[in-house]
Amino acid sequence: MSSLRRTDLLALSNLRNDGRKPNEIRRMTIQLSPLANANGTNGSALVQMGLTTVLCAAIGPMDCTRRSDELPDRAVLEVNLRAVPFAPSSGDRRTTNPSTDRRIREHSLLIQNAIEASLLLTLHPRSKIVLDITVLADDGGRLCASINAATCALVDAGLAMKDLVCACSAGLVSGDASSSTAEDGIQDVELMDLNQKEISTYQHESSAVYLPCATMPQRGTVVLAQCESRLSSVDVFEKVLAAAMEGCRSVFVVMEASIRERTGKLLAARMGNAIVQET
């Protein structure tokens, strides 16, 4: 009997190319305070979503460099996004200039708008808060991972927020283009948290939809929904948005657990019950 390839086995099981179900996000890990000993850093977070890794450092509130940059009623949020040369999964190691690269500047503005919707900037007038975000590995979902890392870094810095800003992408592909078996009459498939291979595969299809989304899950508020695909109807957008919001709720569960674990360790250390691990 001829041996089946891994892709054939995944297709027979109605799974995606990395073994996930359509409504399943990638494995997500969060490390708070990886830059605890760095000078000038008030909070930091390292977020991994599958093979995408993002490091964020939160600095401030601090005085503005120029007096003309101050706002009398709230703080100014500055987002600096950059990617290391070895970050792309395609192997392209060309260095990009964050100040001139259009995609990086666009993502920086989207991150700023999403975080400003939750961060209580009015508590720190005439000051500045800086988010330094570095993409260490990019396997799809760079924007969503950056927003999640920025949220965790701000929480680690102790800055007040209305709610956690959680981000996740979603897509809609035709049944014969997904990893499931192609049958007559199969419905379109909503995919949650797409990786780079899936994005590259479906971006050439006219019916495929890709939507990065950021929400405040406890409030049920959408703060970011960017779709560059052509939509056939409003129903298609609603289906993809619902899948993205469900992914954001899954991200919220992981984020909340990591924050509670970190807070428990800090509280135990303050009470004198910290566990010291020898290396």
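The fold, the sheet, two helices and the nonpolar cores of a predicted model are described here.

The chain contains five helices and nine strands. Read from the N terminus, these elements follow the order α-β-β-β-β-α-β-α-β-β-α-β-β-α. Of the 279 residues in the chain, 43% are buried. Among contacts with a sequence separation of 6 or more, 69% link residues 24 or more positions apart.

Four strands form an open sheet in the order β7-β6-β8-β9, with antiparallel pairing. Strands β7 (189-192) and β9 occupy the edges; each has a single partner strand, and one side of each therefore lacks a neighbour in the sheet. From one strand to the next, the twist averages 30 degrees. Strand β6 (residues 166-173) runs antiparallel to β7, and four bridges join the two. In this pair, A170 of the chain lies opposite M192 in β7. One face of the arrangement is accompanied by a helix: α5 (residues 234-270) packs on the sheet and touches β6, β7, β8 and β9. The direction of α5 makes about 145 degrees with that of β6.

At the other edge, strand β8 (residues 209-216) pairs with strand β9 (residues 221-225) in the antiparallel sense, over four bridges. M216 has T221 in β9 as its bridge partner. Four residues lie between the strands of this hairpin, and G220 adopts a positive phi near 70 degrees.

Helix α2 comprises residues 102-116. At 1.5 Å a residue, its 15 residues should span 21 Å, which agrees with the 21 Å between its end C-alpha atoms. The buried residues of α2 are I104, H107, S108, L110, I111, A114 and I115. Viewed down the helix axis, the buried residues fall within an arc of 165 degrees, so they line one face of α2. R102 and R105, by contrast, are exposed on the other side of the helix. The buried residues pack against β4 (76-83), β5 (128-137), α3 and β9. An α-helix has 3.6 residues a turn, so residues three or four places apart point the same way.

The largest nonpolar core has 53 residues. Those with the most contacts inside this core are I115, L119, L131, I147, L154 and V165. Helix α3 (residues 142-157) gives the most to the core, with nine residues. When neighbours within four places in sequence are left aside, L154 is in contact with A58, I115, L119, I129, L131, L159 and M161. A second core, separate from the largest one, has 11 residues, including V236, V240, L241 and A244.

T151 also lies in helix α3. This residue is buried, with a relative accessible area of 0%. Beyond its neighbours within four places in sequence, T151 is in contact with I115, M161, L164, V165 and M255. T151 and A45 are separated by 106 residues in sequence, while their C-alpha atoms are 8.6 Å apart in space. I115 thus recurs in several of these descriptions: I115 is buried in α2, it is among the residues with the most contacts in the largest core, and it is in contact with both L154 and T151.

How values were computed. Residues numbered from 1 in each chain as written. Predicted model: local features only at pLDDT ≥ 70, side-chain atom pairs only at ≥ 80, totals over all residues. Heavy atoms only, no water. Core = buried A, V, L, I, M, F, W, Y, C linked by side-chain atoms within 4.5 Å. Buried < 20%, exposed > 50% of the residue type's maximum accessible area, 1.4 Å probe, protein only. Contact = heavy atoms within 4.5 Å. Pairing = 2+ DSSP bridges. Axes fitted to C-alpha atoms, helices over the stretch in contact; angles between N-to-C directions. Expected span 1.5 Å × (residues − 1). Arc of directions from axis to C-beta.
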